[in-house]
Amino acid sequence: MPIGTVDSYSDLDMDIGFHPISKDIRKKTKESSIKQAVRNLLLTSPGERMFNAEWGCGIRAFLFEPISDTIASEIKDMIITSLNNYEPRVEVIDVVVLPMTGDDGYEIGLYYKLRETTTVISQTVTLAERVR
């Protein structure tokens with residue numbers, strides 16, 4: 001089943017702003033919409049999304065585990081599995097998960113290729129405990 005072309009991808013901008021001229025809600029297009037979709041996938045836990053309970057990665061659960069290289073390896077495996085299962089527009093090249101012991105979290109470096117093009121995208125997602 002075709003999944004569209006990179007030029008046809010769009011999504012709402014999660015920063016919820018308005019276009020200065022049209023006054024419509026801003027949207028993300030092309031590669032930026034895919035980057036947003038990947039970030040949303042990683043930071044969504046299974047069960048959070050109504051009508052698609054399995055969708056998500058579930059890596060936030062690791063914030064309550066001791067920060068270690070072993071947990072970083074498990075996070076990496078979960079990310080690769082989630083991207084392969086739920087994001088058909090990308091082909092994973094590499095995932096690097098670095099423990100941030102001082103900040104009680106992980107810095108995640110993602111490297112993937114868009115299946116429609118040869119464009120390689122690098123993206124960083126920080127998984128850290130929120131301070132209240």
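Which residue in strand 5 does Gly 105 stand opposite? In this predicted model, the residue opposite Gly 105 is Ala 128. Strand 4 covers residues 105-114, and 9 bridges join this strand to strand 5, the two running antiparallel.

Both strands belong to an open sheet of 3 strands, arranged in the order 3-4-5 with antiparallel pairing. Strand 3 (90-100) and strand 5 (120-128) form the edges, each pairing on one side only. On average, neighbouring strands of the sheet are turned by 15° against each other, direction ignored. Strands of a sheet pair through backbone hydrogen bonds, and this pairing may be parallel or antiparallel.

Helix 2 lies across strand 3, strand 4 and strand 5, and runs at about 155° to strand 3. Ser 82 is located in this helix, which spans residues 69-86. Ser 82 counts as buried because its relative accessibility is 5%, and buried means under 20%. Leaving aside residues up to four places away in sequence, Ser 82 touches Leu 41, Gly 56, Cys 57 and Glu 87.

The largest nonpolar core contains 26 residues, and those with the most contacts inside it are Ile 75, Ile 79, Ile 108 and Leu 110. Two or more residues of this core come from each of helix 1 (30-43), helix 2, strand 3, strand 4 and strand 5. In soluble globular proteins, nonpolar side chains tend to be buried together. The contacts of Ile 79, again without residues up to four places away in sequence, are Leu 42, Cys 57, Ile 59, Val 95, Val 97, Ile 108 and Leu 110.

How values were computed:
Residues numbered from 1 in each chain as written. Predicted model: local features only at pLDDT ≥ 70, side-chain atom pairs only at ≥ 80, totals over all residues. Heavy atoms only, no water. Helix = DSSP H or I, 4+ residues; strand = E, 2+ residues; numbered from the N terminus. Buried < 20%, exposed > 50% of the residue type's maximum accessible area, 1.4 Å probe, protein only. Contact = heavy atoms within 4.5 Å. Pairing = 2+ DSSP bridges. Axes fitted to C-alpha atoms, helices over the stretch in contact; angles between N-to-C directions. Core = buried A, V, L, I, M, F, W, Y, C linked by side-chain atoms within 4.5 Å.
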